[in-house]
Amino acid sequence: ERMQMASALEEKILVLVRLRPLSDKEIVANEVTDWECINDTTILYRNTLREGSTFPSAYTFDRVFRGDNATREVYEEGAKEVALSVVSGINSSIFAYGQTSSGKTYTMMGITEYTVADIFDYIHRHEERAFVLKFSAIEIYNESIRDLLSMDSTPLRLLDDPEKGTVVEKAIEETLKDWDHLKELLSVCEAQRRIGETTSNEKSSRSHQILRLTIESSAREFLGRENSTTLSATVNFVDLAGSERASQALATGARLKEGCHINRSLLTLGTVIRKLSNRRQGHINYRDSKLTRLLQPALGGNARTAIICTLSPARSHVEQTRNTLLFACCAK
Ligand code: ADP
Ligand code: MG
């Protein structure tokens with residue numbers, strides 16, 4: 001029983017909350033904020049609309065980050081431990097969840113780069129092992145998967161591989177050579193992601209982006225021998241569609257299909273995460289969306305998961321901010 005408790009503690013999903021600063025544009029527009037991080041774990045809602053009446057409401061998580069905390073801090077004091085479990089052969093996933101413009105991409109890009117830098121550093125310090133670091137990048141839009149490293153926009157299929165589990169058929173996996181190579185690949189992804197966007201952020205607010213690092217290693221002294229074993233694990237950096245899409249189930253017209261699909265992916269993820277965090281026995285519906293199907297090996301089981309919930313401080317966004325915090329509370 002004690003063993004069970006220990007593993008349950010390890011499986012706990014790490015929930016981080018990051019409040020971004022007001023943007024220059026918001027400041028010019030006289031936006032104000034009612035949110036305040038009162039310590040490292042608690043964010044407070046203080047309604048100052050009416051003189052003399054305040055309605056404080058506190059939300060507590062593993063860690064909350066203020067507008068003046070750098071992404072480096074979010075990484076070092078939060079996501080790093082989960083991301084780097086990959087070098088010990090443990091799969092992991094790091095999600096950015098929040099409404100459009102709350103800072104998901106800003107946060108995930110930084111975290112991805114810090115992780116790769118640390119992995120390269122780890123590789124250099126462990127010359128007794130031979131490492132191969134692979135990078136792939138896909139986008140899920142309308143429940144359709146596209147390779148962000150390929151100029152070909154033909155949708156890719158998910159296949160059930162008896163050994164590897166669910167894999168994206170024909171997805172390009174680049175062997176990462178060095179830091180410059182990573183930067184090059186990230187700019188290819190960025191360019192691919194822009195294609196088809198009508199207005200800025202239009203498509204990225206509806207699609208999920210998954211950057212995936214796979215690290216394979218084997219002890220050099222056994223290389224080429226029959227008894228050599230390869231340790232392999234994957235870390236996923238998931239920049240989710242804007243969470244406002246989850247509450248737009250009643251979209252109309254041409255947007256209906258997109259709205260429904262995004263709704264389904266986000267809702268399925270929410271359900272999966274809720275079940276995992278409750279450590280409830282029973283069926284987990286990974287197969288209900290492409291996103292959860294693909295991430296299944298890196299969710300639950302002995303995999304590590306961190307969710308970074310990004311928040312806009314603006315008073316005009318308070319409703320979505322509350323929705324994000326409610327999601328974050330469910331994941332705890
Ligand atoms: P999302 O991906 O959630 O739509 P972005 O990451 O694109 O949001 O962020 C929206 C804007 O806010 C961008 O211009 C970004 O540079 C800026 N931004 C986001 N988070 C921060 C932060 N913590 N500090 C400073 N600027 C930020
Ligand atoms: Mg974004």
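**Exercise 1. Classify Asp68 by accessibility and identify its salt-bridge partner.**

Step 1. Asp68 has a relative accessible area of 57% and counts as exposed, where exposed means over 50%, buried under 20% and partly exposed in between, with a 1.4 Å probe and protein chains only.

Step 2. The partner is Arg66, with 2.9 Å between the closest N and O atoms. A salt bridge is a side-chain nitrogen of Lys or Arg within 4 Å of a carboxyl oxygen of Asp or Glu.

Step 3. Arg66 itself is partly exposed, at 38% relative accessibility.

Step 4. Elsewhere, Arg72, Glu76, Lys80 and Asp118 form one network through salt bridges that share partners.

Conventions for this and the following exercises: the model is predicted, so local features need pLDDT of at least 70 and side-chain atom pairs count only at pLDDT 80 or more, while totals for chains, interfaces and linings use all residues. Residues are numbered from 1 along each chain as its sequence is written, chains are lettered from A and ligands numbered from 1 in the order in which they are written, and side-chain values use heavy atoms, with hydrogens and water left out.

**Exercise 2. State how many salt bridges the structure holds, then place the pairs Asp62 with Lys12 and Asp40 with Arg63 in the chain.**

Step 1. The total is 20 salt bridges. Side chains of opposite charge can pair when their charged atoms come close.

Step 2. Between Asp62 and Lys12 the N to O distance is 3.1 Å. This pair links distant parts of the chain, 50 residues apart: Asp62 sits in the loop between strand 4 (57-60) and strand 5 (63-65), and Lys12 in the loop between helix 1 (2-11) and strand 1 (14-19). Helices (H or I, at least four residues) and strands (E, at least two) are DSSP runs, numbered from the N terminus.

Step 3. Asp62 is partly exposed at 30%, and Lys12 is partly exposed at 31%.

Step 4. Asp40 and Arg63 meet in a salt bridge at 3.4 Å, N to O. Asp40 is in the loop between strand 2 (35-37) and strand 3 (42-45) while Arg63 is in strand 5, so this pair ties together parts 23 residues apart in sequence.

Step 5. Asp40 is partly exposed, with a relative accessible area of 45%, whereas Arg63 is buried at 12%.

**Exercise 3. Describe the pairing of strand 7 with strands 12, 11 and 8.**

Step 1. Strand 7 covers residues 129-141, and 10 of its 13 residues are buried.

Step 2. With strand 12 (residues 208-219), strand 7 runs antiparallel and is joined by 12 bridges; two strands pair if DSSP finds at least two bridges between them. Leu133 is opposite Ile215 in this pairing.

Step 3. Strand 11 (residues 174-175) is also antiparallel to strand 7, with two bridges. Here Phe135 has Glu174 as its bridge partner.

Step 4. Strand 8 (residues 144-147) is joined to strand 7 by four bridges, again running antiparallel. Ile138 is bridged to Asp147.

Step 5. Strands 7 and 8 form a hairpin with two residues between them, and Asn142 in the turn has a positive phi of about 60°.

**Exercise 4. Work out the surroundings of Asp160 and of Thr71.**

Step 1. Asp160 belongs to strand 9 (residues 158-161) and is partly exposed at 47%.

Step 2. Beyond residues up to four places away in sequence, Asp160 touches Gly165, Thr166, Arg287 and Arg293; contact means heavy atoms within 4.5 Å.

Step 3. The Asp160 side chain makes polar contacts with the side chains of Thr166 at 3.2 Å and Arg287 at 3.3 Å. A polar contact is a pair of N or O atoms within 3.5 Å; within protein, one must be able to donate a hydrogen and the other to accept it, and residues adjacent in sequence count only if both atoms are side-chain atoms.

Step 4. The C-alpha atoms of Asp160 and Leu294 are 9.8 Å apart, with 134 residues separating the two in sequence.

Step 5. Thr71 is in helix 3 (residues 71-83) and is buried at 9%. Outside its neighbours within four places in sequence, Thr71 contacts Arg18, Tyr106, Thr107, Gly110, Ile111 and Tyr114.

**Exercise 5. Determine why Cys309 has no bond to Cys329.**

Step 1. The two sulfurs are 9.0 Å apart, which is too far for a bond; a disulfide is a pair of cysteine sulfur atoms within 2.5 Å.

Step 2. Cys330 is in no disulfide either, the nearest cysteine sulfur being that of Cys329, 7.0 Å away.

Step 3. Cys309 is buried at 1%, and Cys330 is partly exposed at 34%.

Step 4. Over the whole structure, the search finds zero disulfides.
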